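Reader: I would like a close look at one part of this model. Please take a single helix and the spaces around the fold, and walk me through them.

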Amino acid sequence: MTTPSTTTARTERAATRFGNRQQLQQILAFAGLVVIFAFFSFASPYFLDWANVKGILLATAVTGIMALGATFVIATGGIDLSVGTGMTLCSVMTGVFLANLGLPLVVGVLGGLAIGALIGLLNGLNVSYLRLPPFIATLAMMMVAQGLSLVISGTKPIYFSDVGGFDQLAAGELVPGLPNAVLIFFAAAAIAGVTLSKTLTGRYALSIGSNEEATAISGVDVRRWKVVIYTVAGLFTGLAGVVMASRLNSAQPGLGLGYELEAIAAVVIGGTSLRGGKATILGTVIGALIMATLTNGLRIMSIPQEWQKVAVGIVIVLAVYADILRRGKEA
């Protein structure tokens, strides 16, 4: 019988085979980011203002952290539609822990992360043991998280005005001129990169996405590892929720819907395949920067919000179509 180490070796060979194409996709994504940045720089004199650039980075931090978690799920060939409203539920529960119950700051933050992990755990159990399609399982969780956010908060925002230091988690500047939320995003990206490339969690995620049946035959407990992978993704959702709450200094129960599409688009733009088996954290970071830059640039040019949504929708279509073209060439 083939051992798990053999599966890992096969995954590494597959990663090497697709390495050049993946690097090319990352280069193209980065080139796209440069073009978008240059266009808006010429289109508006306010775009390159450092305050605006910091706004782009802050927006990237929340979407990007969610996208990091989504990368692991998509690497398995799955999808997670619950990251947006799941992020909101984590924000609301962080508000309950800190503002309503008065728990210590560290405990409240860890509680928000734990709620994210619980959301991921439930998604993983539904996908692995109930054998629900990932689309249906996470769509149901999206609706559950949205409803719970409204019920628990009483449909009203929860403010952190009396929670000393919480707003500094995102808005503070350990590095002068750079918000802590951005540092958290970069640190999370580094952890995600190591997890994807150097641990069994990442390697099995890619192996499951490449060929789930062969991975199971080789002796890997696919169902258990899917639960682990979805739980890891949920931790990133929880982190995004804490960062969002800190950035706004409040938990807004009406937020969340639509964020999942931006996160998924960032993952695909960066070069992760929707079919699974190929993923890149660096590409996800670049994709998140593209989405935040595009949205910010359209807003600063006073483009109506409805047309901003049209533009984002077109980018998502183009990203998915590019993924289809990549798969065709690899076949």
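Author: What follows starts with one helix, moves to the cavity it lines, and then turns to the largest pocket and the aromatic pairs. The model is predicted.

Start with helix H3, residues 83-100. The helix has 18 residues. At 1.5 Å a residue, they should span 26 Å. The end C-alpha atoms of H3 lie 24 Å apart, so the span agrees with that expectation. H3 is mostly covered, with 16 of its 18 residues buried. After the helix comes Gly102, which has a positive phi, near 70°.

Now the cavity. The structure holds 1 cavity of 30 Å³ or more. About 40 Å³ of space lies in the largest cavity. Met87, Thr88, Ser91, Met244, Leu248, Ser250, Ala251, Gln252 and Leu255 line it. Three elements give two or more residues each to this lining: H3, H10 and strand E2 (250-251). H3 supplies the largest share, 3 residues. By class, the lining of the largest cavity has 5 nonpolar and 4 polar residues. Charged residues are absent from this lining.

Next, the largest pocket. Its volume is about 600 Å³. The lining of the pocket has 24 residues. Nearest the pocket centre lie Tyr259, Glu262, Thr295, Arg299 and Val312. The elements giving two or more residues to this lining are helix H2 (50-75), H10, helix H11 (259-269), helix H12 (281-300) and helix H13 (305-330). H10 thus appears in the list for the pocket and in the list for the cavity. By class, the pocket lining has 12 nonpolar, 8 polar and 4 charged residues.

H10 also takes part in an aromatic contact. The structure holds 7 aromatic pairs. In one of them, the rings of Tyr204 and Trp225 have their centres 4.9 Å apart. Their planes stand at 70°, over the 60 degrees cut-off, so the pair is edge-to-face. This pair links distant parts of the chain. Tyr204 sits in helix H8 (residues 200-210), Trp225 in helix H10 (residues 222-248), and they are 21 residues apart. Both partners fall under the 20% cut-off for burial. Tyr204 has 5% relative accessibility, so it counts as buried. Trp225 has a relative accessible area of 13% and is buried too.

Ring pairs also form a cluster elsewhere. They link Phe37, Phe39, Phe40 and Phe47.

Notes:
Residues are numbered from 1 along each chain as its sequence is written. This is a predicted model: local features need pLDDT of at least 70, side-chain atom pairs count only at pLDDT 80 or more; totals for chains, interfaces and linings use all residues. Side-chain values use heavy atoms; hydrogens and water are left out. Helices (H or I, at least four residues) and strands (E, at least two) are DSSP runs, numbered from the N terminus. The expected span of a helix is 1.5 Å times one less than its number of residues. Buried means under 20% relative accessible area, exposed over 50%, partly exposed in between (1.4 Å probe, protein chains only). Rings of Phe, Tyr and Trp (its six-membered ring) pair if their centres lie within 6.5 Å; planes under 30 degrees apart count as stacked, over 60 as edge-to-face and the rest as tilted. On a 1 Å grid over the protein atoms alone, a cavity is a set of points where a 1.4 Å probe fits but cannot get out, and a pocket is an open set with protein on both sides within 12 Å along at least five of seven lines; lining residues have an atom within 4 Å of a point. Grid points are joined across faces, edges and corners, and a volume is the space filled by probe spheres set on the points. Ala, Val, Leu, Ile, Met, Phe, Trp, Tyr, Cys and Pro count as nonpolar, Asp, Glu, Lys and Arg as charged, and the others, Gly among them, as polar.
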